[in-house]
Amino acid sequence: MHVRRYAPIVIALAMLMVIVSCSSIAPQQKLAQIGPQDPLGSAHWTGTLTVPSGMSNALDVHGTASLARNGPGSSVATIAISNAIPRGLHPWEVYSGQCGNDAILIGVLSAYPWLTVNDDGTASATATLASELWLGDYHVNVNASPTDKATIIACGNVAAPKGV
């Protein structure tokens, strides 16, 4: 008789244990808590762009890139390069993964305005991306030209914000 009285409690506890153990099996990606509501304030991903090793004798394009969450479902990517050929046009993109290991394009290509190089060899651009950033590896590629997107003239791994 006592077994029937405690059976619902035993079943409920067993179900609770299953739920708790299952939720710890599947790892959850943690959304980086950045933006206006962020206790870290100006936290963002940052990186330094350099010429790929195979092109270091031909070019010396360098620069910086940063990524920040812009709200639910949106991110902002900024880039600045220097020592580029004046009046050149360079497509650029942000990918998951690290330089040399393009995984997934972040956002869509049309969101990235080309870098238009000034007479002093500098260029900068900002892209608003319809993609929310998650913790993980990202990198920025700068392509040789609109007609030669296969050649990367600068790349930079973008480090995650500290503390997230």
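How many aromatic pairs does a search of the whole structure find? The search finds two, where a pair means Phe, Tyr or Trp rings (for Trp, the six-membered one) with centres within 6.5 Å, called stacked if the planes are under 30 degrees apart, edge-to-face if over 60 and tilted for the rest.

## Ground rules

This is a predicted model, so local features need pLDDT of at least 70 and side-chain atom pairs pLDDT 80 or more, while totals for chains, interfaces and linings use all residues. Residues count from 1 along each chain as its sequence is written, and side-chain values use heavy atoms, with hydrogens and water left out.

## The two pairs

Trp 45 and Tyr 138 meet edge-to-face, 5.9 Å centre to centre with 85 degrees between the planes. Trp 45 sits in strand β1 and Tyr 138 in β8, so this pair ties together parts 93 residues apart in sequence; strands are DSSP E runs of at least two residues, numbered from the N terminus. Both Trp 45 and Tyr 138 are buried, meaning under 20% relative accessible area with a 1.4 Å probe, protein chains only (exposed is over 50%, partly exposed in between).

Trp 92 and Tyr 112 are also edge-to-face, at 5.0 Å and 80 degrees. Trp 92 and Tyr 112 are both buried.

## The core

The largest nonpolar core has 28 residues, and Trp 92 is among the members touching the most others, along with Ile 79, Ile 81, Val 94 and Val 142. Such a core is a set of buried Ala, Val, Leu, Ile, Met, Phe, Trp, Tyr and Cys residues joined through side-chain atoms within 4.5 Å.

Beyond four places in sequence, Val 94 has contacts including Tyr 112 and Tyr 138 (contact: heavy atoms within 4.5 Å).

Terms used. Helices (H or I, at least four residues) and strands (E, at least two) are DSSP runs, numbered from the N terminus.
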